[in-house]
Amino acid sequence: MSIADPKEVKAFLDAHPEIQFFEVFFTNMAGVPRGKRLRRHEIEAVYAQGRFLPGSILVNDITGQDVEATGLVWEDGDADRVARPIAGRLTPAPWLGPDVGQVPVSMYELDGKPHDLDPRHVLQRVIDRFAADGLVPVVACELEYYLVDARRTANGKIQLPPSPLTGDRPTQHQVYGLREVEEAAPFLRELWAAADAMGVPLEGAISEYAPGQLELTLKHHADAQRAGDDAVLYKRAAKGVALRHGCEATFMAKPFADLAGSGMHLHVSVNDKAGKNVFASDKPEGEPVLAHAVGGMKALLADSMAIYAPNANSYRRFKANSYAPVAPTWGVNNRTVSFRVPAGAPNTRHIEHRVAGADAHPTLALAALLAAVHHGITNKIDPGPAIVGDGYAQSEGGERIPTNWFAAVDRFADSAVLKGYLGDRFVRMYAIVKRTEQERFQSVITDVDYDWYLRAC
């Protein structure tokens, strides 16, 4: 894993005399970027010797609170670790202003050892397993999300934003509607410009299966680290650009009870040493090695749900006939299954993993996915017959995707296979963070508690 060369920052400063501030940020296992805003004269030192950040930042929960049970707060003295810039990622951040740049960092111990709780280093462990077998995973992330009004309703609910053209709020699904994309054009133009400035290969946009919901795809990449970083940077930019247009870009898995949830579809194939796709085949279902990869996905799905669906809200998304999966099924050119082999030319044969929510950490979701692919290929796991037709109907009464947050974290914590791929300490610490979030989430008394129980009990 490459650490940025100090020459990179000198070249950037020479090319961008207008940039006076830099946001230096780390994205921990909760998926929320955290860091510092530095002045221009400070950034070279970050490249020369790194920047010290407290170790507790590695295990903050999604609200930014410490998780004391990890032992990385008081018992550790909240000791510093060193953050080092990710090579090639120092860029302008135009949505923050013409004088602001940014650089994501990765965390290391003071002796230079990669920190085992940094999601990028967790992913690298899995990539190294492929490399040892002469293989290279090729991946891409495809994210769905909503634009919602930055202002809440009078009773504190979220609402869709008014059209910049008509002032009306959308009410119809209008999947693949061009009018809907056209109305989002000011946001999309600025988002694409930001992606270009960051070197993020963001492609076309569609109106998804709900009013106010968009989907944009990132290009496939033979560098899985780069693909994960692209998705993290893209989510950050989308949120920042949306605010400039009076909106919030939310990657929450199920923001509206009566509308489609938002997923993060992960696309994967595997190349050999010569760069040839080992899934490639004239057969729509691909070569047997593709089926083995699907077998691994099925085998590790329940173990991995705490990564793919990390939050309480994540589990509201899994409903039949909603384009979200409900069972560990696979099929060819079929969107009613969890693992789809899309139509396409023989050399493009790959798998679309449709389980992860848009709220999942892209880097960790890729780590879990690639662990499953490698596990399946290595052990030649048979996925069983492909589903033909309605996967929702055919999965009734059979095995289902786990849809309980508490059970999912328990299953993850006990997974011997994932401990081998992701690291024993990472699995243990991730489970601790999630169990702490569960306790904090359960401690909140909601309006539903009052509506259901105040008078009835």
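1. Leu-422 touches Val-122, Arg-125, Val-126, Ala-367, Phe-412 and Val-427, leaving out residues up to four places away in sequence. The model is a predicted one, and the contacts of Leu-422 are a convenient entry to its interior. Leu-422 is listed with Tyr-145, Tyr-234 and Met-305 as having the most contacts inside the largest nonpolar core, a set of 119 residues. A second core, separate from that one, has seven residues, including Tyr-146, Val-148, Ala-210 and Leu-259. As background, nonpolar side chains in soluble globular proteins tend to be buried together.

2. Phe-426 belongs to helix H12, residues 424-442. Its relative accessible area is 1%, so Phe-426 is buried. Neighbours within four places in sequence aside, Phe-426 is in contact with Met-29, Asp-116, Leu-117, Val-122, Leu-364 and Phe-412. Val-122 and Phe-412 also appear among the residues that Leu-422 touches. Between the C-alpha atoms of Phe-426 and Gly-112 the separation is 18 Å, with the two positions 314 residues apart along the chain.

3. Helix H7 deserves a check by eye. A straight helix of 21 residues would span 30 Å at 1.5 Å a residue, but the end C-alpha atoms of H7 are only 26 Å apart. H7 has a kink of about 70°, centred on Ala-302. Of the 21 residues of H7, 18 are buried, so the helix is largely enclosed by the rest of the structure.

4. Where does the salt bridge of Asp-303 lead? Its partner is Arg-411, and the closest N and O atoms are 2.6 Å apart. Asp-303 sits in helix H7 (residues 288-308) and Arg-411 in helix H10 (residues 405-413), so the bridge ties together parts 108 residues apart in sequence. Asp-303 has 9% relative accessibility and therefore counts as buried. Arg-411, at 42%, counts as partly exposed.

5. The structure holds 18 salt bridges. One of them joins Glu-109 to Arg-81, with 3.2 Å between the closest N and O atoms. This pair links distant parts of the chain: Glu-109 is in the loop between strand E6 (100-108) and helix H3 (119-132), while Arg-81 is in strand E4 (residues 80-85), 28 residues apart. Glu-109 is partly exposed at a relative accessible area of 21%; the cut-off for buried is under 20%. Arg-81 counts as buried, with 8% relative accessibility.

6. Arg-169 and Asp-149 form another salt bridge, the closest N and O atoms lying 3.0 Å apart. Here too distant parts of the chain are linked: Arg-169 is in the loop between strand E7 (136-149) and helix H4 (178-183), Asp-149 is in strand E7, and the two are 20 residues apart. Arg-169 is partly exposed at 37% relative accessibility, and Asp-149 is buried with a relative accessible area of 3%. In addition, a network of salt bridges links Glu-23, Arg-37 and Arg-236.

7. How many disulfides does the count give? The count is zero. As for individual cysteines, Cys-247 is buried, with a relative accessible area of 9%. Cys-457 is exposed, at 75%.

8. Helix H5 (residues 185-198) has 14 residues that should span 20 Å at 1.5 Å a residue, and its end C-alpha atoms are 20 Å apart, which agrees. The buried residues of H5 are Ala-185, Phe-187, Leu-188, Leu-191, Ala-194, Ala-195 and Met-198. For reading that list, an α-helix has 3.6 residues a turn, so residues three or four places apart point the same way. Gly-199, just after H5, takes a positive phi of about 75°.

9. Two backbone angles may be worth a look. Most residues other than glycine have a negative phi. Asp-78, which is not a glycine, has a positive phi near 45°. Asp-78 is found in the loop between strand E3 (51-54) and E4, and is partly exposed with a relative accessible area of 29%. Lys-380 likewise is not a glycine and has a positive phi of about 50°. Lys-380 is placed in the loop between helix H8 (362-379) and helix H9 (391-394), and counts as exposed at 60% relative accessibility.

Note on methods
Residues are numbered from 1 along each chain as its sequence is written. This is a predicted model: local features need pLDDT of at least 70, side-chain atom pairs count only at pLDDT 80 or more; totals for chains, interfaces and linings use all residues. Side-chain values use heavy atoms; hydrogens and water are left out. A salt bridge is a side-chain nitrogen of Lys or Arg within 4 Å of a carboxyl oxygen of Asp or Glu. Helices (H or I, at least four residues) and strands (E, at least two) are DSSP runs, numbered from the N terminus. Buried means under 20% relative accessible area, exposed over 50%, partly exposed in between (1.4 Å probe, protein chains only). A nonpolar core is a set of buried Ala, Val, Leu, Ile, Met, Phe, Trp, Tyr and Cys residues joined through side-chain atoms within 4.5 Å. Contact means heavy atoms within 4.5 Å. A disulfide is a pair of cysteine sulfur atoms within 2.5 Å. The expected span of a helix is 1.5 Å times one less than its number of residues. The bend at a residue is the angle between axes fitted to the seven residues ending there and the seven starting there.
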